[in-house]
Amino acid sequence: MYRCDSLPEVTLKWAQTLDGQLADDNNQSQWISGLEERRYTHQLRSNHQAILVGAQTFLKDQCQLTVRDIGYDGPQPARIIIDPRGRIAQALRQHPHLIIDLHSGPRRTYLLTDILEDTEDIENMFDPEKLIRINYRFNDFNQWLKGSLRQLSRTFEITEHRRLLHLMVEGGPATLSEFLKAGLAHRLEIAISPLILGGQRHRVYTDFLLHNVDRFEIESKEQLGVDILLRYRIPPATPTKQAATI
Ligand SMILES: NC(=O)c1ccc[n+]([C@@H]2O[C@H](COP(=O)([O-])OP(=O)(O)OC[C@H]3O[C@@H](n4cnc5c(N)ncnc54)[C@H](OP(=O)(O)O)[C@@H]3O)[C@@H](O)[C@H]2O)c1
């Protein structure tokens, strides 16, 4: 199964090497793709109301997720960080400079996290309206993700005075994989960079089997500098395929 409806339209966007790595194994890499492709990413962000990353990506890259360097002066997308196990809360205590990052600039940051105990200090650090807490019960990440996105959509409408129609997920690989596995993604934009890194970590991973999945529908392909950008639409799950996964 690939997707379910009644949630924002989700585009998964990432850059990978020819051998499918989104980062090198020692976690030192920052940019996989070249300048033109990165400029395009900013363009793509401007078409989305919110950009989401996983906690590990935020903590490693401290990514702003704003639209910049392309002469854009429209509304900035909100920044969404998912953090079911409370990594950000821990990190904010240890590295208070991250708090400045969370509050600075034109962006609004929403944190999707668990109902953690002993978080009074975090609540004071964070805009409570943008702290979305869903119980991460039974280690069921799929259910947690869906519940969190539903709550985010409701909250977003109240705080931003507009609907969250288009959400872009920019990584890392664990987060992208979970969106695919949960059937929450509608489109893929994948930049292939002319590199082979080797390694095994930082890859998009699902446990699908060939007879249970539909092929993605290619929308377009384009060369951006040294990189090739592939755009795909993810077909809605058909009843046959859904039944096959039960
Ligand atoms: N090439 C690209 O396009 C690109 C884009 C973005 C990031 N990156 C790179 O990707 C790396 C980080 O990616 P990452 O995959 O390590 O992490 P990530 O996707 O940034 O963060 C994953 C988050 O989701 C949680 N999570 C994921 N699966 C889970 C599960 N089954 N159960 C519970 N929680 C789950 C993780 O919890 P825990 O923290 O508790 O595990 C963590 O909070 C960095 O090196 C970054 O530079 C590359």
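Reader: In this predicted model, what makes β2 and β6 count as paired strands?

Author: Three bridges join β2 to β6 (residues 166-169), and the two strands run parallel. Pairing takes at least two bridges, so β2 and β6 pass. If you want a spot to look at, A50 sits opposite L167 of β6.

Reader: And what makes β2 and β3 a pair?

Author: That's the bridge count again: five bridges link β2 to β3 (residues 78-83), and these strands are parallel too. The cut-off is at least two, so β2 and β3 pair. Two of the contacts are easy to find: V53 faces I81 of β3, and the bridge partner of I51 in β3 is R79.

Reader: How does the chain get from β2 to β3, and which hand does the crossover have?

Author: The chain goes by way of helix α2 (residues 55-61), making a β-α-β crossover that is right-handed. Why that hand? With the strands pointing away from you, the path from the first strand over the helix to the second runs clockwise, so the crossover gets that name.

Reader: What about β3 and β4, how many bridges join them?

Author: Five bridges, and β3 runs parallel to β4 (residues 109-113). With at least two needed, β3 and β4 therefore count as paired. I80 is the residue opposite Y110 of β4.

Reader: How do you know whether β2 is enclosed or open?

Author: Count its residues: five of the five in β2 (residues 50-54) are buried, so the strand is largely enclosed by the rest of the structure. Buried here means under 20% relative accessible area. Both faces take part: A50, L52 and G54 point one way, I51 and V53 the other, and all are buried.

Reader: How many residues of β3 are buried?

Author: Six of its six, so to speak a mostly covered strand. A78, I80 and I82 point one way from β3, while R79, I81 and D83 point the other way, and all of them are buried, the charged ones included. Over the whole chain, buried residues make up 52% of the 246.

Reader: Why is the chain called as compact as a globular protein of its length?

Author: The chain has eight helices and nine strands. Its radius of gyration is 18 Å, close to the 18 Å that the globule rule gives for 246 residues, so the label fits. In terms of a box along the principal axes, the C-alpha atoms fill roughly 45 × 45 × 35 Å.

Reader: Which residues lie closest to the centre of the largest pocket, and what volume does that pocket have?

Author: The volume is about 1,200 Å³. Of the 44 lining residues, T57, D61, G171, G172 and P173 are the closest to the centre. The elements giving two or more residues to the lining are β1 (9-17), α1 (35-45), β2, α2, β3 and α7 (173-181).

Reader: How do the residues of that lining divide into nonpolar, polar and charged?

Author: The lining of the largest pocket has 16 nonpolar, 15 polar and 13 charged residues. Gly goes with the polar ones, so G171 and G172 fall in that class.

Reader: And how does the lining of the second largest pocket divide?

Author: Ten nonpolar, one polar and no charged. This pocket holds about 200 Å³. Eleven residues line it, with W14, L180, L188, V204 and F216 nearest the centre. β7 (187-193) and β9 (227-233) are the elements that give it two or more residues.

Reader: What makes the peptide bond from G171 to G172 stand out?

Author: That bond is cis, with omega near -5 degrees. G172 is in the loop between β6 and α7.

Reader: Why is Q62 called partly exposed?

Author: Its relative accessible area is 31%. Under 20% would be buried and over 50% exposed, so Q62 lands in between. Q62 is in the loop between α2 and β3, and has a positive phi of about 45 degrees despite not being a glycine.

Reader: How do you know whether H161 is buried or exposed?

Author: H161 has a relative accessible area of 71%. The line for exposed is over 50%, so H161 is exposed. H161 is in the loop between α6 (141-160) and β6. H161 isn't a glycine either, yet has a positive phi of about 55 degrees.

Methods. Residues are numbered from 1 along each chain as its sequence is written. This is a predicted model: local features need pLDDT of at least 70, side-chain atom pairs count only at pLDDT 80 or more; totals for chains, interfaces and linings use all residues. Side-chain values use heavy atoms; hydrogens and water are left out. Buried means under 20% relative accessible area, exposed over 50%, partly exposed in between (1.4 Å probe, protein chains only). Helices (H or I, at least four residues) and strands (E, at least two) are DSSP runs, numbered from the N terminus. On a 1 Å grid over the protein atoms alone, a cavity is a set of points where a 1.4 Å probe fits but cannot get out, and a pocket is an open set with protein on both sides within 12 Å along at least five of seven lines; lining residues have an atom within 4 Å of a point. Grid points are joined across faces, edges and corners, and a volume is the space filled by probe spheres set on the points. The radius of gyration is taken over C-alpha atoms; the globule rule is 2.2 Å times the number of residues to the power 0.38.
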